[in-house]
Amino acid sequence: MYLPPHDPHVDDPMRFKPLFRIHLMERKCATVECMYGHKGPHNGHIQIVKKDEFSTKCNQTDHHRMSGGRQEEFRTWLREEWGRTLEDIFHEHMQELILMKFIYTSQYDNCLTYRRIYLPPSSPDDLIRPGLFKGTYGSHGLEIVMLSFHGKKAKGTKITGDPNIPAGQQTVEIDLAHPLQLPDIENLRDFSELSRIVLEVQEQVRREEQEQGEEEHPQQAASQPAASPPGGEEGAEGEETAAGAEETTQNKAPASQPFVLPMGVISRNEDYPRTCRICFYGTGLIAGHGFTSPERTPGVFVLFDDDRFGFIWLELKSFSLYSRIKVSFQNAEAPSREAFDEMLKNIQSLAT
């Protein structure tokens, strides 16, 4: 099991926890041992289901239980997974969320299915190198997110999930065609000023999507170029000019600009960078417990450097800080862009 560091220390290294081991014997025989729990290795089973997928099963689940019952198991899990005790957590809502996560996790400690995940392919045009990041998710703790680039969009896909948003869902989407010009540092402290800027861009995006939908309808006069408005070609050229201006805006963006979270925005990690490179309009996925009533809400993607970015959830008045996982994974590259896109669809369909 590949675990994030203890909340909220996103820059700390990942943690490894063995779940099973295989002893290879002579004559192509092997024994499998489950490593879960605190009573040492015990009898397990592995089954290869299909290509890029296998399952493990524990045959002695009593080894996972503790003499003190579920309460002792919960306290031990809390200490190991979160690095704290129950007495450290004063917020009642946070206690509830952590308990839910423990119940979800312990339901599947005896039978697990593994599916291969590809790392996202990279391009020289990408804003930063894509990959895996550790991110803060409020009372849910740290979660793993995969950042990938898709033309004028960037996507953050959850690799680990929580009782609200499961793994496989697209937690954030960044609109690279709409950079945001943040106000000066004093006005940035005013949440209403940032909210005004973001909501204006949201309305602009809505109008552009509506106009694009109208343009996709076939035009009756398409076969009569003489009857076309004189500005027809200039309009297309205007789009290119706008795109060029947009690109120039990004290229001319300062190497760094002062950054501070607006008053009232909650952050688990106050040790976020105080300068950023560039910001973009984006949306973040929120939902109730059990992934009920999911909706995409506006937010701000903040690029700090090559290895860190943030996202301000406007509706939640919350801030997530993400830090790159720097471990090298062998044989994890996708054989093609199509194979990677197919994998993203598959893990999202599994989650729903």
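This section describes a buried asparagine, an internal cavity and a set of salt bridges in a predicted model.

Asn269 is located in the loop that runs between β13 (266–267) and β14 (275–276). With a relative accessible area of 11%, Asn269 falls under the 20% limit and is therefore classed as buried. Its surroundings include a part of the chain that is remote in sequence: Pro8 is 261 residues away along the chain, yet the C-alpha atoms of Asn269 and Pro8 are separated by 5.6 Å. When residues up to four places away in sequence are not counted, the contacts of Asn269 are Pro8, His9, Val10 and Leu321. Within its own loop region, a polar atom of the Asn269 side chain lies 2.8 Å from the backbone nitrogen of Asp271.

The structure contains one cavity of 30 Å³ or more. The largest cavity encloses about 110 Å³ of space. It is lined by 16 residues, of which Leu19, Cys34, Thr56, Cys58 and Leu112 are the closest to its centre. Four strands, β4 (30–34), β5 (42–50), β6 (53–58) and β7 (111–115), each contribute at least two residues to this lining. By class, the lining of the largest cavity comprises ten nonpolar, four polar and two charged residues.

Across the whole structure, 21 salt bridges are found. One of them joins the side chains of Arg65 and Glu73, with an N to O distance of 3.2 Å. The partners fall into separate accessibility classes: Arg65 is partly exposed at 31% relative accessibility, whereas Glu73 is buried at 8%.

A salt bridge also links Arg196 to Glu193, where the closest N and O atoms are 2.7 Å apart. Both residues belong to helix α4 (residues 191–215), and because they are three residues apart, about one helical turn separates them. Arg196 is partly exposed at 38% relative accessibility, and Glu193 is likewise partly exposed, at 23%.

In a further salt bridge, the side chains of Lys326 and Asp307 meet at 3.6 Å, N to O. Lys326 sits in the loop between β18 (318–324) and α6 (337–351), and Asp307 in the loop between β16 (292–305) and β17 (308–313), so this pair ties together parts that are 19 residues apart in sequence. Lys326 is exposed, with a relative accessible area of 63%, while Asp307 is partly exposed at 23%. Salt bridges also form a network that links Lys50, Glu53 and Arg115.

Conventions. Residues are numbered from 1 along each chain as its sequence is written. This is a predicted model: local features need pLDDT of at least 70, side-chain atom pairs count only at pLDDT 80 or more; totals for chains, interfaces and linings use all residues. Side-chain values use heavy atoms; hydrogens and water are left out. Buried means under 20% relative accessible area, exposed over 50%, partly exposed in between (1.4 Å probe, protein chains only). Contact means heavy atoms within 4.5 Å. A polar contact is a pair of N or O atoms within 3.5 Å; within protein, one must be able to donate a hydrogen and the other to accept it, and residues adjacent in sequence count only if both atoms are side-chain atoms. On a 1 Å grid over the protein atoms alone, a cavity is a set of points where a 1.4 Å probe fits but cannot get out, and a pocket is an open set with protein on both sides within 12 Å along at least five of seven lines; lining residues have an atom within 4 Å of a point. Grid points are joined across faces, edges and corners, and a volume is the space filled by probe spheres set on the points. Ala, Val, Leu, Ile, Met, Phe, Trp, Tyr, Cys and Pro count as nonpolar, Asp, Glu, Lys and Arg as charged, and the others, Gly among them, as polar. A salt bridge is a side-chain nitrogen of Lys or Arg within 4 Å of a carboxyl oxygen of Asp or Glu.
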